[in-house]
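Trainee: Could you give me a close look at one part of this molecule, and then set it beside a contrasting part? I would like to follow the reasoning step by step.

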Amino acid sequence: MVKIEGTLDEIRELIGDVKRTTSTVKSTTKKVAKAAKGTTRKLSAWQRYIKNKSNHIKFKRGDKKGRLDLKRMSAAFKRSRKK
């Protein structure tokens, strides 16, 4: 640990104004988070298909009971795309 001695004004000169620094850091992080949140891209056809609850095909028995059967869902998706 480092010991710093001096008057309050001298210490502020050495270290800088902490409150001002923290407020700029907070505002910058909020701006970055808002910019990152605002950029969304269009979902692929498969992602839109999966998102729709009515297209969910689930395992009915066995170890995977209740999980999505992606193999059968993929086949159904490919069949629906054929025209």
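Mentor: Happily; what follows is a walk around helix H4, then a look at helix H1 for contrast. Please keep in mind that this is a predicted model.

Let's start with the geometry of H4. The helix runs over residues 70-81, twelve residues in all. At 1.5 Å a residue it should span 16 Å, and its end C-alpha atoms are indeed 16 Å apart, so the expected and computed spans agree.

Now look at which of its residues are covered. Met73, Ala76 and Phe77 are the buried residues of H4. They sit on the same side of the helix, because the arc they cover around the axis is only 100°. The spacing fits a simple rule: an α-helix has 3.6 residues a turn, so residues three or four places apart point the same way. The buried residues of H4 pack against helix H3, which covers 45-51. If you turn to the other side of H4, you will find Lys71, Lys78 and Arg79, which are exposed.

The loop between H3 and H4 is worth a visit too, and Asn55 is one of its residues. Asn55 has a relative accessible area of 18%, so it falls under the 20% limit and counts as buried. Leaving out residues up to four places away in sequence, Asn55 touches Tyr49 and Met73. Met73 is one of the buried residues of H4 that we just met, and Tyr49 falls within the 45-51 range of H3. This loop residue therefore touches both helices, given that contact means heavy atoms within 4.5 Å.

Asp69 lies in that loop as well. Its relative accessibility is 9%, which is why it counts as buried. Apart from neighbours within four places in sequence, Asp69 is in contact with Ile57, Lys58 and Phe59. It also has a charged partner: Arg72 forms a salt bridge with Asp69, and the closest N and O atoms are 3.9 Å apart. That distance is within the 4 Å cut-off, so the pair qualifies. The count for the model is one salt bridge. As background, side chains of opposite charge can pair when their charged atoms come close. The two partners differ in cover: Arg72 is partly exposed, at 46% relative accessible area, while Asp69 is buried.

For the contrast, go to H1, residues 8-15. H1 has eight residues, and zero of them are buried, so this helix is hardly covered, going by the under-20% meaning of buried. Ile15 belongs to H1 and counts as exposed because its relative accessibility is 52%. The residue that follows H1 is Gly16, with a positive phi near 95°.

In the segment before H1 you will find Ile4, which is partly exposed at 44% relative accessible area. Setting aside neighbours within four places in sequence, Ile4 is in contact with Ile11, Leu14 and Ile15. Ile4 and Leu14 are ten residues apart in sequence, and their C-alpha atoms are 9.6 Å apart in space. Together with Val2 and Ile15, these two residues form a nonpolar patch on the surface, with about 450 Å² of accessible area in total.

To put the two helices side by side: H4 has buried residues that pack against H3, whereas the count of buried residues in H1 is zero.

Terms used: Residues are numbered from 1 along each chain as its sequence is written. This is a predicted model: local features need pLDDT of at least 70, side-chain atom pairs count only at pLDDT 80 or more; totals for chains, interfaces and linings use all residues. Side-chain values use heavy atoms; hydrogens and water are left out. Patches are made of residues with over 30% relative accessible area and no salt bridge: like charges are joined within 9 Å, nonpolar side chains (Val, Leu, Ile, Met, Phe, Trp, Tyr) within 5 Å. Accessible areas come from the Shrake-Rupley method with a 1.4 Å probe; for residues, only the protein chains shown count as cover. A salt bridge is a side-chain nitrogen of Lys or Arg within 4 Å of a carboxyl oxygen of Asp or Glu. Helices (H or I, at least four residues) and strands (E, at least two) are DSSP runs, numbered from the N terminus. Buried means under 20% relative accessible area, exposed over 50%, partly exposed in between (1.4 Å probe, protein chains only). The expected span of a helix is 1.5 Å times one less than its number of residues. The arc is that of the directions from the helix axis to the C-beta atoms.
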